[in-house]
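Thanks for coming. I have one structure to show today, so let us put it on the screen.

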Amino acid sequence: AGFIGSHVAHVLLARGEQVIGVDNLNDYYSVQLKRDRLARLQARKNFTFILADICDREAFNAALGAEKIDRVVHLAAQAGVRYSLTHPFAYTTANVTGHLVVLDVLREASGFRLQA
């Protein structure tokens, strides 16, 4: 539901791709803005949204469990350098642990294509 992710999703959908968006809709900035972006995406064919936190391995794995995923554009992160100075653990959890969870879940996913 972020700025870059929503734009990437629109490009992929225009290309005819099936897109699954995953976001926890945190309140770092306007949740309504994120919901507005999601509404535009959900109005499009081939888009599915999953409300999940990538830092929660069990929830993330369960959310994607029924989906056959062969490629990923991973843009989930806690933005804001200043925020990282005042909230270092939130920043590290989202950006390091979250990234590791995504990699680990995909490593075990059947059908995922590893490409360099």
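I will take the overall fold and then a single residue, Asp53.

This is a predicted model, in which local features need pLDDT of at least 70 and side-chain atom pairs count only at pLDDT 80 or more, while totals for chains, interfaces and linings use all residues. Residues are numbered from 1 along each chain as its sequence is written, and side-chain values use heavy atoms, with hydrogens and water left out.

The protein has five helices and two strands, in the order α-β-α-β-α-α-α. Helices (H or I, at least four residues) and strands (E, at least two) are DSSP runs, numbered from the N terminus.

The C-alpha trace spans about 40 × 30 × 25 Å along its principal axes. Of the 116 residues, 26% are buried; buried means under 20% relative accessible area, exposed over 50%, and partly exposed in between, with a 1.4 Å probe and protein chains only. Take contacts, meaning heavy atoms within 4.5 Å: among those between residues at least 6 apart in sequence, 74% join residues at least 24 apart.

Now the residue. Where is Asp53 found? Asp53 lies in the loop between strand E2 (47–51) and helix H3 (57–64). Asp53 is partly exposed, because its relative accessible area is 32%. Leaving out residues up to four places away in sequence, Asp53 touches Asn24 and Phe60. Asn26 is 27 residues from Asp53 along the chain, and their C-alpha atoms are separated by 9.1 Å. Within the loop region, the Asp53 side chain reaches the backbone nitrogen of Cys55 at 2.9 Å.

Technical notes:
A polar contact is a pair of N or O atoms within 3.5 Å; within protein, one must be able to donate a hydrogen and the other to accept it, and residues adjacent in sequence count only if both atoms are side-chain atoms.
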